[in-house]
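The following exercises ask the reader to work through one protein model, element by element. Each task is followed by a solution in steps.

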Amino acid sequence: MSHPFTPVASVPVDLATARVHEEGWQSWSPSGSYALGDAPYRPTNANWATVCYRPGHTVPAGTFQGEGLLALAPTGEDGPIWLFVAADPTGEVPSIRLVVRDGRAEVSADGKVDHWTYLGPGGIQGALADWADSLGLTAPRPAPTVWCSWYEYFTSVTEDDIHENLRAMDTLDLPIDVVQIDDGYQKALGDWLTLSGRFHSREGIAEAIRARGRRAGIWTAPFLVDPASTLAAEHPEWLVRDEDGGLTHGGRNWGHDLYVLDTTHPEAAAYLTEVFTTLRAEGYDYFKVDFLYAGALDGVRHASVDALTAYRQGIELIRDAIGPDAYLLGCGAPILPSIGLFDAMRVSPDTAPHRRPEADDYSQPGQDPAEFTGVGRQWQHGRLWVNDPDCLMARPAVETRERWAAHVEATGGLMASSDRLLSLDAWGVDTTRRLLSKGTAKDTEAEGAPE
């Protein structure tokens with residue numbers, strides 16, 4: 001249910017020096033600061049509006065909009081900063097709009113927003129960090145270092161690929177704590193305990209990883225369901241519906257229009273618990289849970305709860321299943337509603353072997369959008385969670401690999417490699433070893449954005 005926008009504040013601005021920070025809805029939504037004359041990044045097609053932005057919250061032309069969080073530096077970064085923040089950021093996330101009229105920033109919101117002026121150091125990043133500090137969260141645990149299969153093998157990863165890279169880690173003497181199997185081991189989204197033809201035994205792979213002194217990690221997209229899955233065929237009652245009784249559209253990806261798992265349905269919740277308790281029992285203790293936006297999509301669920309309550313309950317169910325000692329990394333997740341739930345969080349769109357995103361949409365994979373939003377969310381690191389800037393790719397085929405490695409290093413967040421390790425040249429091996437050696441254990445104190 002949408003609410004009307006009502007005025008919150010009117011602030012005089014210097015048109016030449018003022019800046020506005022928009023906080024995007026989820027991991028992949030563009031987030032960062034703009035001059036008043038800039039055109040903020042917006043979705044370039046309807047599917048990406050669902051999968052990467054906040055569905056149903058379109059932004060009029062000439063308007064800045066933060067989802068639950070917006071900051072204004074009316075005279076520039078050296079002056080006072082105005083913060084506009086959801087009064088209940090994990091329960092209700094209003095859209096906050098800013099338009100400039102006659103030399104004033106007119107701020108409005110479609111829900112309850114608190115606002116105040118920050119006079120401390122660090123500009124917009126300093127103000128956002130100060131707000132995060134005020135939440136009083138426990139400092140996040142240091143992240144392990146990771147090797148991830150995704151950016152080399154994508155959905156074609158095989159069991160042999162994992163074994164090859166396990167051997168290469170020893171040969172190259174790389175300080176990798178976790179070997180994380182990404183998308184491709186499962187038969188279909190939703191059928192998480194059924195293997196694809198490229199894998200023989202999840203438990204066997206975990207055992208092989210642990211035998212080499214490393215930890216086993218695994219990827220899931222727990223709230224998405226492939227229409228071709230056994231789950232969708234046998235349990236349509238486990239899926240979120242729209243108001244007309246049809247299935248809620250979870251966006252299109254992997255060549256399919258996707259469904260959404262209703263984690264408020266007792267049997268669906270029991271199934272999800274079974275998935276994660278099974279994976280944990282098989283030896284996995286690092287979990288990357290992805291495409292989490294789906295759990296917060298509006299729809300008709302078994303229980304009469306709002307979408308954000310259903311989302312948080314779904315993540316809490318996963319945490320209960322894997323236990324407090326397992327490491328939980330969120331991705332594609334609504335940012336403010338995730339506060340207090342994760343050890344680490346992807347804070348940007350996917351990186352890629354190339355710089356520019358498709359259609360210049362800054363929610364799409366590419367080094368440019370990953371850097372823009374990763375820098376814009378640096379204030380979250382060490383306060384809300386350990387920031388995941390996405391994986392290092394250091395192989396020769398990666399465009400501007402030196403610049404991307406510098407960005408990953410500057411964030412101070414989760415360090416993960418995602419190359420076929422035997423494809424690395426001398427620079428790639430040295431850079432991978434050096435960044436992994438830094439890890440996050442050296443510093444989980446939050447820092448501002450790199451200057």
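**Exercise 1: the parallel sheet**

W147 stands opposite V179 in β11. The model examined here is a predicted one.

Task: Identify which strands W147 and V179 join, and place the two strands in their sheet.

Solution.
Step 1. Strand β10 covers residues 146-148 and strand β11 covers residues 178-181. Residue 147 therefore falls within β10.
Step 2. β10 and β11 run in the parallel sense and are paired over three bridges.
Step 3. Both strands belong to an open sheet of eight strands, in which the pairing is parallel and the order is β22-β21-β20-β19-β14-β11-β10-β23.
Step 4. At the edges lie β22 (386-388) and β23 (416-417), each of which pairs on one side only.
Step 5. Helix α7 (residues 266-281) packs on this sheet, where it touches β14 (215-220) and β19 (284-289). The direction of α7 makes about 140° with that of β19.

**Exercise 2: a helix pair**

Task: Describe how α7 meets helix α8 (residues 307-322).

Solution.
Step 1. The two axes come within 8 Å, crossing at roughly 35°.
Step 2. The crossing of α7 past α8 is right-handed.
Step 3. On the α7 side, the residues in contact are A269, L272, T273, F276, T277 and R280; on the α8 side they are L317, I318, A321 and I322.
Step 4. Sorted by class, the contact has seven nonpolar residues, two polar and one charged.

**Exercise 3: the antiparallel sheet**

Task: Determine which strands form the open sheet of five strands and where helix α2 lies on them.

Solution.
Step 1. The strand order is β3-β2-β5-β6-β9, and the pairing is antiparallel.
Step 2. The edge strands are β3 (32-35) and β9 (113-118), each pairing on one side only.
Step 3. With direction ignored, neighbouring strands of this sheet are turned by 20° against each other on average.
Step 4. Strand β6 (residues 81-86) pairs with β9 in the antiparallel sense over six bridges. L83 stands opposite W116 in β9.
Step 5. Helix α2 (residues 123-134) lies across β2 (19-22), β3, β5 (69-73), β6 and β9. The helix runs at about 40° to β6.

**Exercise 4: enclosed and open spaces**

Task: Describe the cavities of 30 Å³ or more, then the second largest pocket.

Solution.
Step 1. The structure holds two cavities of 30 Å³ or more.
Step 2. The largest cavity has a volume of about 70 Å³. Its lining includes V146, C148, Q180, Y286, K288 and A416. The elements that give two or more residues to this lining are β10 and β19. By class, the lining of the largest cavity has seven nonpolar, one polar and four charged residues.
Step 3. The second largest cavity holds about 40 Å³ of space. F223, L261, T263, G295, R301, A310 and Y311 line the second largest cavity, and by class they are four nonpolar, two polar and one charged.
Step 4. The second largest pocket has a volume of about 580 Å³. Of the 28 residues lining this pocket, W150, N253, F291, D350 and P365 are the closest to its centre.
Step 5. Two or more lining residues of the second largest pocket come from each of α1 (46-51), α3 (150-153) and β16 (252-253). The largest share, three residues, belongs to α1.
Step 6. The lining of the second largest pocket comprises 14 nonpolar, six polar and eight charged residues.

Methods. Residues numbered from 1 in each chain as written. Predicted model: local features only at pLDDT ≥ 70, side-chain atom pairs only at ≥ 80, totals over all residues. Heavy atoms only, no water. Pairing = 2+ DSSP bridges. Helix = DSSP H or I, 4+ residues; strand = E, 2+ residues; numbered from the N terminus. Contact = heavy atoms within 4.5 Å. Axes fitted to C-alpha atoms, helices over the stretch in contact; angles between N-to-C directions. 1 Å grid on protein atoms, 1.4 Å probe; cavity = no way out; pocket = protein on both sides within 12 Å on 5 of 7 lines; lining within 4 Å. Points joined across faces, edges and corners; volume = space filled by probe spheres on them. Nonpolar A, V, L, I, M, F, W, Y, C, P; charged D, E, K, R; others polar. Left-handed = near helix turned anticlockwise from the far one by under 90°.
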